[in-house]
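Q: I'm new to this structure and would like a close look at a single part. Could you walk me through one helix pairing and what lies around it?
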Amino acid sequence: MSKKDNTFYVTTPIYYPSDSLHIGHAYTTTAADSITRYKKMQGFDTMFLTGSDEHGQKIERSAKNSNKEPKKYVDEVVKTFKELWKALDIEYDYFIRTTEKRHEQVVQKIFKKLYDKGDIYKDKYEGWYCTPCETFWAERHIGEENLCPDCNRPVEWVEEESYFFEISKYADRLLKHIEDHPEFIQPESRRNEMISFIKQGLDDLSVSRTTFDWGVPVPIDENHVIYVWIDALSNYITAIGYLTDEEMFKKYWPADLHIVGKDILRFHTIIWPIILMALDLELPKKVFGHGWLLSESGKMSKSRGNVVDPIELIDDFGVDSIRYYLLREVPFGTDGTYTTESLIQRINSDLANDLGNLLNRTVSMVEQYFNGSIPEPDELNEVDQDLINTGLQTIENVAKHMDQLKYTHALESLWNFVRRTNKYIDQTEPWILGREEGHQKRLGTVLYNLLESLRLIAIMLKPFMIETPYEIGRQIGDVEQINNAGWTALKWGKLNTNVKVSKAEPIFPRIDIEEYFDKKRKGEQEKTMSKENNINKEKLVDFETFQKLDLRVAEVLEAKKIENSNKLIKLQVSLGEEKRQLVAGIAQDYEEEELINKKIVIVANLKPATIFGVKSNGMILAASDQDKLTLITPEGPIDNGSKVK
Ligand code: MSP
């Protein structure tokens, strides 16, 4: 039995909980949510999967840096993922975590299947490894400067025992599949990139690690954990019941659409299909690699401090404005730049001016001329017919674009209709019809047509926005119909006329850009000030506590770097009569020789500790900013052992 025709299974990448998510991740997930809502309206039984990719060295390190057990650490970060999706109104059907038991067990079975089949063998790996991308690279890919071709960071030379997946065996079959199924890799330009990558020759893939523990154990060898990409990619089948829920799996597999960023397209169009071929499973129907959402200063990254936080934007502008912007601003597939200015401009022109005004003007006129009751239409003239035709054409255009994941084009078509409808008001001049006697029927027809256009607009907006279609429905007295509407409700003349309109405040108030930035700046200042106040309050110590510290002047007699450590130096210092050994983390800022005979300040009564196997009896004082560290030394000559007060 193969997958049922009326199901539609869409996935996002599962995101790393090594950090909080930013607007780029929100971009992918909003796109997946939008296509799912659209397919659902078309009558498909949809399945929308997102989740978190929780194993691997990167996560293990992040957890360590936060002083937490990996599971506790990922639990906390994953909670913030779910909060973000809730704030963005993301309606996923299932959120998979790779630390789930079921997933882990099936990943082990997948590994075993490939091993039993003879596709996986054990060997030793020597190669160039990019830790952030968790990827090994062949010499030819890293260039002279030894940089990762994906993220441009330096790769490290690594040697370890590893299991290998012989993917080259499947290269010809994969190429043929890609050639026979032009829709498999989208957009077209990326498809060509992938083809040439395969044609360069595929190296066998290392699929296990011995250098860290935070992963799914290899079922046949307890010294290894399964390398993160086999673990991660399998989520798309474990989540829908591969080897655990036959019925559900058959219903949804193969996936109709994997949406991923261009950074991980290679994994999804080469490694993933090959794993599936080896498992004798069908390949996904389409993998779409979208472009980057950049910030003005380039790629978003925490270290550059240019990461845009979607929660902050939702708080400031509302969820529908953000969803609209993400789907409208940058054609899906190409790179684009996020700026707050362009966001505000979109809100003001498309949402406040075009859509908001249309709703407001229409509902006001129904209140003014018909006491809020929706009029019945009468005879139609040419202008009416043109409006109706544009509306009907828009329904087709939006569907056509959505079927190709052209969100921007779909919204452009829809907004052409919004603007056309605004123009209809200018053409029909209802205020003149209302002023003069004998035009009641014509006026009723005009207002009916406006309301009916708004009904169609609200329904077509449902894949993109959440609150707005509902609010339009509420104002034109048709909430229930709009909420329940599928794509088939998009026919002219279905407006409910037995009800009253309800006027409200504008749905998208205009935003004054200067005022917004001004307010933002003031808000930031206040935040910093209150933070500083809190810090100062929390950190106040009384004099007695301070006096407990025994601070002394000391002179460095010997300095020697500690083996296997980049940072630590072993010091012998003189406190006058007493000699002490200390360990100090200053090797990145001081050479051994320049420390000799230097006068420094130490905390002499700190509890002794053993660091890297070396006893340390006290601590030196140094000041540090973000990039350097400098020792505190007495300003004038003074005896060793003098007290610092
Ligand atoms: N865990 C892997 C994916 C495994 S899927 C089986 C991973 N995770 S990630 O957290 O790094 O997320 C990468 C994805 O986030 C990208 O493919 C893309 O969908 C999205 N984006 C991250 N930054 C982005 C932008 N600046 N712009 C657009 N999308 C971005 O890779």
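A: Sure, and keep in mind that this is a predicted model. Let's start with a contact between two helices: Ile 23, Ala 26, Tyr 27, Thr 30, Ala 31, Asp 33, Ser 34 and Arg 37 in α1 touch Ile 322, Arg 323, Leu 326 and Leu 327 in α13. Sort those by class and you get seven nonpolar, two polar and three charged residues.

How do the two helices sit? Helix α1 covers residues 23-41 and helix α13 covers residues 319-329, and their axes come within 10 Å, crossing at roughly 90°. That's why α1 and α13 are described as roughly perpendicular to each other.

Now slide along to the loop between α1 and β2 (45-52), where you'll find Phe 44. Its ring pairs edge-to-face with Phe 8, at 6.0 Å centre to centre and with 65° between the planes. Phe 8 belongs to strand β1 (residues 7-15), so to speak a distant part of the chain, 36 residues apart from Phe 44. Phe 8 counts as buried because its relative accessibility is 9%, while Phe 44, at 26%, counts as partly exposed.

Strand β1 also holds Tyr 9, whose partner Trp 253 sits 244 residues apart, in the loop between α10 (246-252) and β12 (257-261). Their ring centres are 6.2 Å apart with the planes at 70°, so this pair is edge-to-face. Tyr 9 has 0% relative accessibility and so counts as buried; Trp 253, at 4%, counts as buried too. Both belong to a cluster linked by ring pairs, along with Tyr 236, Tyr 242, Phe 249, Tyr 252 and Trp 272.

Definitions and conventions: Residues are numbered from 1 along each chain as its sequence is written. This is a predicted model: local features need pLDDT of at least 70, side-chain atom pairs count only at pLDDT 80 or more; totals for chains, interfaces and linings use all residues. Side-chain values use heavy atoms; hydrogens and water are left out. Axes are lines fitted to C-alpha atoms, for helices over the stretch in contact, and angles run from 0 to 180 degrees between N-to-C directions. Helices (H or I, at least four residues) and strands (E, at least two) are DSSP runs, numbered from the N terminus. Angles under 35 degrees count as roughly parallel, over 145 as roughly antiparallel, 65 to 115 as roughly perpendicular and the rest as oblique. Contact means heavy atoms within 4.5 Å. Ala, Val, Leu, Ile, Met, Phe, Trp, Tyr, Cys and Pro count as nonpolar, Asp, Glu, Lys and Arg as charged, and the others, Gly among them, as polar. Rings of Phe, Tyr and Trp (its six-membered ring) pair if their centres lie within 6.5 Å; planes under 30 degrees apart count as stacked, over 60 as edge-to-face and the rest as tilted. Buried means under 20% relative accessible area, exposed over 50%, partly exposed in between (1.4 Å probe, protein chains only).
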